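Visitor: I'd like to learn how to read a few features off a model like this one. Can we start with the cysteines?

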Amino acid sequence: MKHTKPFYKSAAWQKCRAVVLLRDHYLCQPCLMKDRIVPAYLVHHIKHLEDEPDLALDPNNLESVCNTCHNKLHPEKGSGKKEEATRSGLRVIKATANEEVW
């Protein structure tokens with residue numbers, strides 16, 4: 001995944017991304033299929049970039065999605081509790097008090 005980072009900063013991707021968002025009217029396509037109108041600011045590779053690099057800039061392999069749908073499409077990117085726990089840089093230690101015995 002780290003080797004794809006430069007791709008997402010490229011002028012070619014930025015231009016392609018803008019075209020797809022305009023084509024999809026900045027609406028989340030998965031939500032639209034469920035009759036919901038939700039704004040989209042992300043562009044998703046239907047066939048993953050790492051698996052099909054030749055389709056990286058193919059508009060037919062791209063769709064506009066909202067954050068919620070993108071997280072559902074990419075659960076491997078870890079948008080859950082683990083990310084929240086490490087966000088502040090603090091480690092939480094769970095402890096219980098000793099029982100008093102009289």
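Visitor: How many disulfides does the structure hold?

Guide: General idea up front: a disulfide is a covalent bond that links the sulfur atoms of two cysteines. In this predicted model, the count is 0.

Visitor: Why is Cys-66 not in a bond with Cys-28?

Guide: The closest cysteine sulfur to that of Cys-66 belongs to Cys-28, and it sits 3.7 Å away, too far for a bond; the cut-off is 2.5 Å. Cys-69 is in no disulfide either, with its nearest cysteine sulfur, in Cys-31, at 3.6 Å.

Visitor: Is Cys-66 buried or exposed? And what about Cys-69?

Guide: Cys-66 counts as buried because its relative accessibility is 7%, where buried means under 20%. Cys-69 counts as buried too, at 7%.

Visitor: What should I look for in a nonpolar core?

Guide: In soluble globular proteins, nonpolar side chains tend to be buried together. Here the largest nonpolar core has 9 residues, including Phe-7, Trp-13, Val-43 and Leu-62. Helix 2, residues 11-23, gives the most to this core, with 4 residues. Apart from it there's another core of 6 residues, and Cys-31 and Cys-66 are among them.

Visitor: Which residues is Val-43 in contact with, neighbours within four places in sequence aside?

Guide: Among them are Trp-13, Arg-17, Val-20, Leu-62 and Glu-63.

Visitor: And what does the whole chain look like?

Guide: It has 5 helices and 2 strands, running α-α-α-β-β-α-α from the N terminus. Of its 102 residues, 26% are buried. The chain exposes about 8,400 Å², with 57% of that supplied by carbon and sulfur atoms.

Notes: Residues are numbered from 1 along each chain as its sequence is written. This is a predicted model: local features need pLDDT of at least 70, side-chain atom pairs count only at pLDDT 80 or more; totals for chains, interfaces and linings use all residues. Side-chain values use heavy atoms; hydrogens and water are left out. Buried means under 20% relative accessible area, exposed over 50%, partly exposed in between (1.4 Å probe, protein chains only). A nonpolar core is a set of buried Ala, Val, Leu, Ile, Met, Phe, Trp, Tyr and Cys residues joined through side-chain atoms within 4.5 Å. Contact means heavy atoms within 4.5 Å. Accessible areas come from the Shrake-Rupley method with a 1.4 Å probe; for residues, only the protein chains shown count as cover.
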